[in-house]
Amino acid sequence: EIASLKRTAVFISIGRGAVVDEGALANALVEGKIKGAALDVFTQEPLPESSPFWRLSNVLLTSHNADYTSDYLELGWDVFADNAAKFAA
């Protein structure tokens, strides 16, 4: 629960957007109940212009790419090739 986090907490979300209560998180950030947040996924993507997260200086936003690693493209192509083979079978 966001309300139980320490004031020094930085919330990091890289999982599934629907898992986070974005309203409660935004309120905690605005009210200074937690120190900050790093957000890569959201309930609605792309994140709407109306989202309060855009205006908060204690929030780092990324565009759903937290998993971008040195082997990202290779692994992605492996998944694509596997799915294409299954589809063709």
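**Exposure, pairs and strands**

Trainee: What does D82 count as, at 39% relative accessibility?
Mentor: Start with the cut-offs: buried means under 20% relative accessible area, exposed means over 50%, and partly exposed is in between (1.4 Å probe, protein chains only). D82 has 39% relative accessibility, so D82 counts as partly exposed.

Trainee: What kind of model is this?
Mentor: Residues are numbered from 1 along each chain as its sequence is written, and side-chain values use heavy atoms, with hydrogens and water left out. Local features need pLDDT of at least 70, side-chain atom pairs count only at pLDDT 80 or more, and totals for chains, interfaces and linings use all residues, for this is a predicted model.

Trainee: Which residue meets D82 in a salt bridge?
Mentor: A salt bridge needs a side-chain nitrogen of Lys or Arg within 4 Å of a carboxyl oxygen of Asp or Glu. The partner of D82 is exposed, with a relative accessible area of 56%. The N to O distance is 3.2 Å, and the residue is K86.

Trainee: Why are D82 and K86 separated by about one helical turn?
Mentor: Helices (H or I, at least four residues) and strands (E, at least two) are DSSP runs, numbered from the N terminus. D82 and K86 both belong to helix 2, and the separation is about one turn because they are 4 residues apart.

Trainee: How many salt bridges does the structure hold?
Mentor: One joins D82 and K86. E31 and K33 also meet, at 3.1 Å, N to O. E31 is partly exposed at 47%, and K33 is partly exposed at 45%. The number of salt bridges is 2.

Trainee: Which residues make the nonpolar surface patch of about 630 Å²?
Mentor: Patch residues have over 30% relative accessible area and no salt bridge; like charges are joined within 9 Å, nonpolar side chains (Val, Leu, Ile, Met, Phe, Trp, Tyr) within 5 Å. Areas come from the Shrake-Rupley method with a 1.4 Å probe, and for residues only the protein chains shown count as cover. One of the members is W77, exposed at 59%. The full list is Y68, Y72, L73, W77 and F80.

Trainee: How many aromatic pairs does the structure hold?
Mentor: Rings of Phe, Tyr and Trp (its six-membered ring) pair if their centres lie within 6.5 Å; planes under 30 degrees apart are stacked, over 60 edge-to-face, and the rest tilted. By that rule, the number of aromatic pairs is 2.

Trainee: What is the pair of F42 and F53, by its planes?
Mentor: The ring centres are 6.5 Å apart. The planes meet at 40°, so the pair is tilted.

Trainee: Where are F42 and F53, the pair that links distant parts of the chain?
Mentor: They are 11 residues apart. F42 is buried at 8%, and F53 is buried at 2%. Both are in the loop between strand 2 (36-39) and strand 3 (59-61).

Trainee: What is the pair of W77 and F80, by its planes?
Mentor: W77 and F80 are 3 residues apart in helix 2, and both are exposed. Their ring centres are 5.3 Å apart, with planes at 90°, so the pair is edge-to-face.

Trainee: In which sense do strand 1 and strand 2 pair?
Mentor: Two strands pair if DSSP finds at least two bridges between them. F11 stands opposite A37, and S13 has L39 as its bridge partner. Strand 1 (residues 10-13) and strand 2 have 4 bridges, and the sense is parallel.

Trainee: What is the handedness of the β-α-β crossover from strand 1 to strand 2?
Mentor: View the strands pointing away: a clockwise path from the first strand over the helix to the second is the right-handed case. Here the chain goes through helix 1 (residues 22-30), and the crossover is right-handed.

Trainee: Which residue of strand 3 stands opposite A38?
Mentor: Strand 2 and strand 3 are parallel, with 3 bridges. Opposite A38 stands L60.

Trainee: Which residues form the uncovered face of strand 1?
Mentor: The covered face has F11 and S13. The uncovered face has V10 and I12.

Trainee: Which peptide bond is cis?
Mentor: Most peptide bonds are trans. This one has omega near 0°, and its P46 is in the loop between strand 2 and strand 3. The bond runs from E45 to P46.
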